[in-house]
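Subject: Two-chain model, handover and notes

Hello,

The structure I promised is pasted in below. My notes follow it.

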Amino acid sequence: MKAFTYQRAGSAEDAARLAAHPGAMLLAGGTTLLDLAKCGVAEPDMLVDIGHISGLDAIAVDAGGATIGALAKMSAVADHAGMRAAFPAVAESLSQAASAQLRNMATIGGNLLQRTRCPYFRDPAAFPACNKRDPGSGCAAIGGVTRNHAVLGTSEACIATYPGDLAVALVAFDAAVRLGGRTIAVEEFFLVPGDTPAREHAIGPGEMITAVAIPASPAARRSTFLKVRDRQSYEFAAASAAVGLELGPDGRTIRDLRVALGGVATVPWRCRAVEDALKGTLLEPESVRAASRLAVEGAVAQADNAHKIDLAPRLVARAILSLGGLA
Amino acid sequence: MTTEITIELDINGRSETLTLDPRVTLLDALREHLGLTGTKKGCDQGQCGACTVHVDGARVLSCLTLAAQAAGRPVTTIEGLSAPGGELHPVQAAFLEHDAFQCGYCTPGQIMSAVACIREGHAGSDEEIREYMAGNLCRCGAYPHIVAAVRQAAEMAS
């Protein structure tokens with residue numbers, strides 16, 4: 001691990017001032033950053049510990065929605081009664097992520113910023129080529145072992161999967177990220193790789209995530225997070241779906257639908273084609289299964305990950321039907 | 001050259017002042033600087049749970065925590081679990097009774113995790129214990145006995 005100095009920030013302003021130092025990185029829970037420093041991927045000169053700033057970990061839920069401080073722990077949000085009632089998919093995305101220990105450490109802001117688990121990205125000694133780590137150096141994953149790489153949102157430069165679960169639920173329910181004085185939709189916060197895969201977020205120099213805001217909606221209240229993994233627990237998603245459903249007064253007409261996919265794309269992937277195809281129609285297994293296939297429109301498989309293109313729509317259909325009481 | 005920092009840690013109720021490289025993890029501070037080798041280093045990258053300790057009463061991974069991050073927060077390790085007279089914690093006793101280990105390397109982490117799991121109220125059924133103990137791997141495969149030990153300790157605590 002490269003040498004670094006350690007500073008504690010006493011306030012968000014303090015953090016911004018310290019973070020202006022060249023080579024400085026913000027340290028919150030540390031579960032991603034220390035791991036990547038040990039891998040030789042992250043090479044900070046200075047760590048600015050923001051984990052002791054008070055007042056940034058509040059969780060507030062009211063009729064309008066939820067506001068979650070950036071330093072709230074994953075476990076606190078997963079267990080929060082108000083979140084579980086108004087945003088079950090969000091709470092479930094967190095309780096199914098990582099392990100109990102990691103959920104006690106990792107913060108909501110840091111969770112959003114977690115880096116890809118692409119094994120080529122994480123091993124610079126064995127695989128020098130990585131456009132995300134070293135722009136222009138190439139991609140060792142393309143043509144390599146690609147079982148867990150993305151099928152949606154990929155480019156010639158990068159096929160790394162966005163690994164998080166929370167952001168998938170957030171993107172489904174139109175959540176926004178607060179960067180101090182500026183607010184940006186989660187959907188616009190994450191950037192597809194294109195030819196600049198090193199740039200993953202619309203976060204500017206000197207900016208820090210201070211909170212996440214999620215508007216309340218009937219679809220968010222009736223929602224679920226389904227996650228399929230290679231082992232039952234403590235594993236990243238092979239595919240995941242955050243789905244919310246609002247039915248009309250007849251109990252059969254789909255009034256609102258939210259669908260987002262994780263584990264299959266380079267960013268949290270909102271599936272508006274599925275939503276648009278089903279909104280206003282009757283909830284029926286056949287039409288739900290047919291429309292769910294639109295979730296992977298435009299997917300491009302690598303050598304080892306074509307199964308994700310079959311898996312993801314099935315997950316979407318199962319989530320919609322189970323919310324509607326039909327599965 | 002790295003500039004060393006001086007920090008004060010609260011380990012099992014004792015105050016410890018250490019001067020160390022800022023890169024030193026809480027795990028290495030415990031084992032290499034304080035001689036508390038009960039906390040184990042398994043993967044050293046947050047995947048196995050062998051290094052589980054409690055910080056501020058919550059179970060965390062000491063391999064992904066800098067010692068400096070823990071300064072000012074109470075830390076409990078496996079050495080701090082038993083009563084002052086040496087009497088075993090009920091979870092330790094349950095692990096012995098159920099033979100919930102083979103080689104024993106993951107055991108301190110399993111026990112620290114189990115104590116927290118029970119305190120959190122996540123040990124209500126075998127299924128729930130398996131889910132909430134998923135962050136602690138046992139390469140010997142002693143899982144059935146671990147679940148039985150946690151279940152018994154949870155029943156005794158309730």
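How much area do domain 1 of chain B and domain 2 of chain B bury between them, and what percentage of it is on carbon and sulfur atoms? The two domains bury about 1300 Å² between them, 54% of it on carbon and sulfur atoms. Buried area here is the accessible area (1.4 Å probe) that two parts lose on being put together, summed over both. In domain 1 of chain B, the residues that lose the most area to domain 2 of chain B are B:H54, B:R59 and B:I78, together 48% of what that side buries.

Some conventions before the rest. This is a predicted model, in which local features need pLDDT of at least 70 and side-chain atom pairs count only at pLDDT 80 or more, while totals for chains, interfaces and linings use all residues. Residues are numbered from 1 along each chain as its sequence is written, chains are lettered from A and ligands numbered from 1 in the order in which they are written, and side-chain values use heavy atoms, with hydrogens and water left out.

Chain B

The secondary structure of chain B consists of six helices and five strands (DSSP runs numbered from the N terminus, helices being H or I of at least four residues and strands E of at least two). Along the sequence the order is β-β-α-β-β-α-β-α-α-α-α. The C-alpha trace of chain B spans about 50 × 30 × 25 Å along its principal axes. Its radius of gyration of 16 Å agrees with a compact globule, because 158 residues would give a value near 15 Å (taken over C-alpha atoms; the globule rule is 2.2 Å times the number of residues to the power 0.38).

The domain assignment splits chain B into domain 1 (5-80) and domain 2 (90-157), with bounds that come from an automatic or database assignment. The C-alpha centres of these two domains are 21 Å apart. In contact (heavy atoms within 4.5 Å) are 15 residues of domain 1 of chain B and 17 residues of domain 2 of chain B.

One salt bridge crosses this domain interface, where a salt bridge is a side-chain nitrogen of Lys or Arg within 4 Å of a carboxyl oxygen of Asp or Glu. The side chains of B:R59 and B:E120 form a salt bridge at 2.8 Å, N to O. The interface also has nine residue pairs in polar contact, both residues at pLDDT 80 or more. A polar contact is a pair of N or O atoms within 3.5 Å; within protein, one must be able to donate a hydrogen and the other to accept it, and residues adjacent in sequence count only if both atoms are side-chain atoms. On the side of domain 1 of chain B that touches domain 2 of chain B, the residues are three nonpolar, nine polar and three charged (Ala, Val, Leu, Ile, Met, Phe, Trp, Tyr, Cys and Pro count as nonpolar, Asp, Glu, Lys and Arg as charged, and the others, Gly among them, as polar).

Chain B against chain A

Here 33 residues of chain B are in contact with 33 residues of chain A. The chains bury about 2500 Å² between them, 53% of it on carbon and sulfur atoms. In chain B, B:R23, B:L64 and B:Q69 lose the most area to chain A, together 25% of what that side buries.

The rule finds one salt bridge across this interface. A:K38 and B:D44 form a salt bridge, with the closest N and O atoms 2.9 Å apart. There are 15 residue pairs in polar contact between the chains, both residues at pLDDT 80 or more. On the side of chain B that touches chain A, at least two residues each come from β4 (58-61), α2 (67-70), α4 (107-120) and α5 (126-132) of chain B. β4(B) gives the most, with four residues. That side divides into 14 nonpolar, 13 polar and six charged residues.

Chain A

Chain A has 13 helices and 12 strands. Its radius of gyration is 20 Å, close to the 20 Å of the globule rule for 327 residues, so chain A is as compact as a globular protein of that length. The domain assignment gives domain 1 (5-49) and domain 2 (218-323) of chain A, with C-alpha centres 36 Å apart.

Regards
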